Amino acid sequence: MVYGEARERRVYLDMDGVVADFAGHFRRVFQLDHRLIGAKAMWRHIHGVETFFRDIAPIPGAVEFFHQLAPAGPIMITACPAENYGRVAGQKREWAREILAPNVAVLPVIGGKNKALFMHQPGDLLIDDHGPNIEAWRMAGGVGILHRSFSETLSALQHHGFLGAASAAQFGGV
């Protein structure tokens, strides 16, 4: 392969809200909805719990969903804060490698809005539950799927040529 030659399109998979139940974990730990408090207050709460990200449960169906994507070699792309970056990024990497696959690539990015900066080439795909991240990805030339359910996302992956019909049908209606 010649340096710079186009490779197959890559699949980037967001962690929190797609495969890791961030919202549910935040509610269980703090008895609060993270969307109802400001970002600074949310991070203040999170930074007070040493293993917050390490302890998040997977969303039901997430492990099966990830294994459906495994042939595409998904890269976990996950937002981290600048403050305590190393601790948060390390916990997210540990989580992904324990819950999803021991060799999964994990790309911790400072701030979700910066995910598009890590796209390798136009046409790479991002699966994310946050609309502004999808919009930024698309503006940079990528394909974005706004995740709402595993079955909808698998159908969109099939539509965009990232999965065969048999793979999408195997997953069912989760």
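## A residue on the outside

Gln31 is exposed, with a relative accessible area of 63%. This residue sits in the loop between helix H1 (22–30) and H2. The model here is a predicted one. In it, the phi of Gln31 is near 55 degrees, a positive value in a residue other than glycine. Most residues other than glycine have a negative phi.

Asn84 offers another case. Its phi is near 60 degrees, again a positive value in a residue other than glycine. Asn84 lies in the loop between E2 and helix H4 (85–99). With a relative accessibility of 32%, Asn84 counts as partly exposed. A glycine can be added to the list of positive phi values: Gly161 follows H6, and its phi is near 80 degrees.

## The overall plan

The protein chain holds seven helices and five strands. Read from the N terminus, the elements run β-α-α-α-β-α-β-β-α-β-α-α. The chain has 174 residues, and 45% of them count as buried.

How do distant parts of the chain meet? Take the contacts between residues at least 6 apart in sequence: 62% of them join residues at least 24 apart.

## The sheet

The five strands form an open sheet. Their order is E3-E2-E1-E4-E5, and the pairing is parallel. Which strands are at the edges? They are strand E3 (105–110) and strand E5 (143–146), and each pairs on one side only. From one strand to the next, the twist averages 25 degrees.

Strand E1 (residues 11–14) has E2 and E4 as neighbours in the order. E1 pairs with strand E4 (residues 125–128) in the parallel sense over three bridges. Val11 stands opposite Leu125 in E4, and Tyr12 has Leu126 as its bridge partner there. E1 also pairs with E2 in the parallel sense, over three bridges. On that side, the bridge partner of Asp14 is Ile77.

In a regular strand the side chains alternate between the two faces of the sheet. E1 shows two such sets. Val11 and Leu13 point one way, while Tyr12 and Asp14 point the other way. All four are buried.

## Helices on the sheet

Helix H3 lies across E1, strand E2 (75–80) and E4. H3 runs at about 170 degrees to E1. Helix H5 (residues 131–139) lies across E1, E2, E4 and E5. H5 runs at about 165 degrees to E5.

Now look at helix H6 (residues 150–159). Which of its residues are buried? They are Phe150, Thr153, Leu154, Ala156 and Leu157. Seen down the axis of H6, these buried residues fall within an arc of 160 degrees, so they line one face of the helix. An α-helix has 3.6 residues a turn, so residues three or four places apart point the same way.

## Two nonpolar cores

In soluble globular proteins, nonpolar side chains tend to be buried together. The largest nonpolar core here has 38 residues. Leu13, Val19, Met76, Ile127 and Leu157 touch the most other members. Met76 has many partners beyond four places away in sequence, including Leu13, Val19, Phe66, Leu100 and Val106. Asp14 is also touched by Met76.

Apart from this core lies another, of nine residues. Its members include Tyr12, Ile75, Ile77 and Ala116.

## Aromatic rings

The whole structure holds ten aromatic pairs. One of them joins Trp43 and Phe53: the ring centres are 6.1 Å apart and the planes stand at 35 degrees, so the pair is tilted. Trp43 lies in helix H2 (residues 39–47), and Phe53 in the loop between H2 and helix H3 (62–69), so the pair ties together parts that are ten residues apart in sequence.

Is Trp43 buried or partly exposed? Trp43 is partly exposed, with a relative accessible area of 22%. Phe53 is buried, at 4%. The rings of Phe52 and Phe53 also pair: their centres are 5.1 Å apart and their planes at 85 degrees, so this pair is edge-to-face. Phe52 is buried too, with a relative accessible area of 1%.

These rings belong to one aromatic cluster. Its members are Phe22, Phe26, Phe30, Trp43, Phe52 and Phe53.

Note on methods: Residues numbered from 1 in each chain as written. Predicted model: local features only at pLDDT ≥ 70, side-chain atom pairs only at ≥ 80, totals over all residues. Heavy atoms only, no water. Core = buried A, V, L, I, M, F, W, Y, C linked by side-chain atoms within 4.5 Å. Buried < 20%, exposed > 50% of the residue type's maximum accessible area, 1.4 Å probe, protein only. Contact = heavy atoms within 4.5 Å. Phe/Tyr/Trp six-rings, centres within 6.5 Å; stacked < 30°, edge-to-face > 60°. Pairing = 2+ DSSP bridges. Axes fitted to C-alpha atoms, helices over the stretch in contact; angles between N-to-C directions. Arc of directions from axis to C-beta.
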